[in-house]
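Me: I would like a close look at a single part of this model, namely one contact between two of its chains. Please take me through it carefully and in connected prose.

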Amino acid sequence: MARVALCLAVTGCTRAADAHVPAGAVITLAGSTSIQPFAERWAEEYAGGRIIVQSGGSTAGIKAAHDGTADIGMSSRALQPAETAGLVETVVARDGIAVIVHASNPVRALTYAQLRAIYGGTIRNWRQLGGPDAAITVITREDGSGTRDAFEQFVMGASHEITASALVTAYSGGLRKMVSQDPNAIGYVTFSQLNPQVHALAIDGVTPTEPSIASGAYRLQRPFVFLTRGAPQGAAQQFIAYVLSDAGQRIARAEGLAPVTIQ
Amino acid sequence: MTVAASISDRVVIDIRDVSIRYGDMVVLQPVTLQVFAGTIHGVIGPAGSGKTSLLRSINKLSVELDDATVSGRIEIDGNDVLALRGDALAALRRKVGIVFATPQPLPRTVFENVAFAPRMAGVRDEGALRATVERALRSAQLWDEVADRLDLMASQLSGGQQQRLCIARALALNPSVLLLDEPCSALDPITTRRIEDTLVALTPDVTVLLVTNNIRQAERIATRTSFILMGELVETAPTSRLFAEPRDSRTRDYLAGRFG
Amino acid sequence: MMMMIARTRTWMATAHLSDAVIERCLQLAAWSAVTTLALITLFILREGMPVVFDRGPMAFLGDVRWAPTRGHFGLLPMIAGTAVVTAGALLIGLPLGLAGAITLAELAPMKARLVLKPMIELLAGIPSVVYGFIGMEILVPFIRERGTLGGPGYSALAASIILGIMVLPTIIGISIDALEAVPKSYRDGSRALGATQWQTITGVVLPAARSGIVAAVILGMGRAVGETMAVIMVAGNAVQFPGSLLAPVRTLTANIALEMSYATGAHARALFATGIVLFIVSLSLNAIAGRVRSGKRASFA
Amino acid sequence: MTMPRLLAPRSAQRVAMTLMWAATAATVGLLLFIIGFVLRRGASTLSWEFLFSSPRHSGALGGILPTVVSTIYVSAAAVLVAAPLGVAAAIYLAEYTKESRLTRVIRSGTDALAGIPSIIFGLFGFAFFVTALGMGWSILSGGLTLGLMILPTVIRTSEEALRAVPRHYRDVAQSLGASKWQSIRSVVLPAAAPGVMTGVVLGIGRAVSETAAVIFTAGVALKMPFSPFDSARTMSVHFYTLTMEGISDDMAYGTASVLVVTILLINIGAYTIMNRLTRKYR
């Protein structure tokens, strides 16, 4: 499975894949930058119409679905109660967030409490976790990144904050590269970003795999949600149906996401 | 070789009470001077006496490029020079050629140097340009030496040839007046005489105002001569009378070479 | 004769834009740089000031926590980060740069100078992302794995070294101008009194060129303060007061570029506020250098 | 700064000389090392196919053609802004004004603009061109931002070139009836052309190697740009993204090599223009 980083740093592309432009209705998707590259992959394969994919972040996507500037809003976080009014949510895939360490790191599993302590800056040495006597290099994403939001939501909770001494990078691929180069590093990337250079830890005994994410056993994950004003219909409904079809879900799996409709 | 007395008494350049200063440094006291049509008018005097500033004011170069302040009135064929600006001034300058002390060819070929003024005046037709260039080079007595090398870079000519090129360049638009600022100061005696012959040959079609610190040169070719000392016009007279019986003692001393 | 002049004049005026119109256009162009500066000031303030007004400047200059999505906009750590990294860069760039400038201006024969000077200018031409890349590939692992050094490798030290190299062309270039402005007679006089070349340089030339060199240092600082990409790649971007040179830091510039992609609302405005601080620092460094340099000219005028 | 007294002047001189030359050698050595390091690593990826084919999988495979084209478009847009404005400003400063309070304001404003960090240009470009003027992330926004950034460089070098033109060219041209503008256009400017061109080419060099100001104005879309309003990822931004995303080391080295070679050629070009043409006009 070609787990190649697809996430574009700043997805400014406002035009559909120009490889081939199928006839039929034009649908605009807007929202989460995490979903955007995968939406483009679906758009490339979709024969039922021309798909324009824009970014702007989950909040922008939710707003776009509300005021109709986009046929389908994309959100990679659960909606707050106030945001759900008039919107129908359709989960099209799930993206786990894998906690990664250097391949040579003996530590293979952590609890959520330990993870919170590491990122909170209270546990500072691998020895406290059964690893070598070395300072832990904590690496995180920049403020505003969807992946960081999800990590903070599930691991840190409202009361804790990620330590100020953590290294910060604006690129998930870059974070993975930093972890792969520093034996004492710990970081987190989306499940689709995993590659053999780094090792994904089991959290509370559950290792992030496609099934464990799909089933919800692996709790550190976020849903990829397509939002429509009212029940999806017309061209939007056809595209969502395509994405949930076997073909669409196989693309999701190929891109490292956990499909929702196929095992 | 003396020159016939002034051919006509029509005044081409009429300078009345003209004084020049740079900032608050006065370089020329009020000067009144007439230059008659078709003559060569010499202006002699020691260096730094304001001769060059006066000459450069006649086509207003001193005002535009040297930040000089010129008061008084300068008329060329009735045109109030100091009042002219912009395109009107440019048009006047096509009628008033100027040659500087050191030969200053433009970084172009011989042909393009002479053709510069007509091109600026809007002449496009190559045939007309070639004719103008040939005529100008002939009247500057340079044609025989460069006829077959017109596309040579001007900088490759000798000093004397370059100065004659500058004269030809100034003559390209048939100016009625030619101003020369010590044209031969950088040239050897033989070339100097050639330039002098050229200037004499230009009259009476062209009126020549020749600033020179070479007293003999003025004596040889100037119809009338003015003597300026330390920014003051001492006296003006037909050359022969000025050299024979100068009215002012300072002129007599200068001509005798005692100072200046 | 008058008729001739009149006819050519009218022809001239219509055939092309008259001089006055052209002069007007050139004058407008002359103001283009100043207008741009004004526009930049206007837009940076327009985007950044609202959040400063409604949260108060102390929220930015008095706070040490930066969590824009949670309402914390403390810039103090970044200001400290910028200061540490700039000081570090000068520690490296000044000695090397001044030595380079002295060699090129005073010691090198003309032939060598003609070869070396363009190479120094080429050093300035290299994109900062390449410097950052070299830092990531060589410097960071070196710092991490060296016994005596250690730490995550991404650190103030790495940023200082890279910036030290990057400011060299600025310091060398402007110092050379300062040294070359010192009249040759100063050197001849000193050597005539039996001083060695080095004594002449240290005793006569450097003091005479002092204000120019100070200006070069200040402009070098400006270059270091304003660098973004190379710093993001090697400094680690941690929002903290660096305990040691081996600790990661975040500079003002890095703060802007890191989060600009996803920032919205107050977060985006906070990044513009960061820009305002950087803008003020750069302008004042530039102004100080200008005054120092003009001070120099005055003494020689 | 003076050497400590403990060394006799003679030996102080020798020690100092070695130190000075060592420092210069180190500086030049650094330059050669950087270029060597990048070119050696990138050599294997460099090929015509790499230059002229499109990237696949966000740049992990294939070539960098779109980024080469984007770099050319953005730099061209920058020059179209900076050259006319810069040279016109330089002409006004060199030919039309005398040193006055006004010219001092213009000059200090231009110097201050030169001192502005490129990230501030990025912010400004984003706020002004991308958002306020609604050009979005595009070649136009990027080009305009870069154009304003290299404007001071063009103004400074052009003014120096104009001032280097011998004074008498103006005397002669205007005395032959050329108007002030004609004398500038037909005599002074051609003579100053080498210096002006050098300034413009150096400006291009800076535009090509710029990243911070471009990433927020021209965007990062890895697609072949067709219209000035298309978002475009320049080579330097592509190299930065490849490196920071850890997408592919080979592609990163290859892009870096192309970038460094381009900058080398531009600087060498500027230098030769400066030398060869001035000799012709001297």
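Reply: Contact here means heavy atoms within 4.5 Å, and the model to which this criterion is applied is a predicted one. By that criterion, the contact between chain C and chain D takes 74 residues from chain C and 75 residues from chain D. Five pairs of chains are in contact, and among these chains C and D share the most contacts, whereas chain A and chain B do not touch, their nearest C-alpha atoms being 52 Å apart.

The size of an interface is often given as the accessible area lost when the parts come together. For chain C and chain D the buried area is about 6800 Å², and carbon and sulfur atoms give 83% of that area. On the side of chain C, Leu26(C), Phe133(C) and Trp198(C) supply 10% of the area that this chain buries against chain D, which is more than any other three residues supply.

Turning to the polar side of the contact, the count between chain C and chain D is one salt bridge. Its partners are Arg41(D) and Glu137(C), with the closest N and O atoms 3.3 Å apart; the cut-off for a salt bridge is 4 Å between a side-chain nitrogen of Lys or Arg and a carboxyl oxygen of Asp or Glu, so this pair qualifies. Polar contacts, counted where both residues have pLDDT 80 or more, join eight residue pairs between chain C and chain D.

As for which element contributes most, helix 3 of chain C, spanning residues 32–55, gives the most to the side of chain C that touches chain D, with 11 residues. When the residues on that side of chain C are sorted by type, 51 are nonpolar, 17 are polar and six are charged. Set beside this division, the area between chain C and chain D comes to 83% from carbon and sulfur atoms, while the salt bridge count between the two chains is one.

Taken together, the picture of this part is of a contact with 74 residues from chain C and 75 residues from chain D, in which helix 3 of chain C gives the most residues on the side of chain C, and in which Arg41(D) and Glu137(C) form a salt bridge.

Key:
Residues are numbered from 1 along each chain as its sequence is written. Chains are lettered from A and ligands numbered from 1 in the order in which they are written. This is a predicted model: local features need pLDDT of at least 70, side-chain atom pairs count only at pLDDT 80 or more; totals for chains, interfaces and linings use all residues. Side-chain values use heavy atoms; hydrogens and water are left out. Buried area is the accessible area (1.4 Å probe) that two parts lose on being put together, summed over both. A polar contact is a pair of N or O atoms within 3.5 Å; within protein, one must be able to donate a hydrogen and the other to accept it, and residues adjacent in sequence count only if both atoms are side-chain atoms. Helices (H or I, at least four residues) and strands (E, at least two) are DSSP runs, numbered from the N terminus. Ala, Val, Leu, Ile, Met, Phe, Trp, Tyr, Cys and Pro count as nonpolar, Asp, Glu, Lys and Arg as charged, and the others, Gly among them, as polar.
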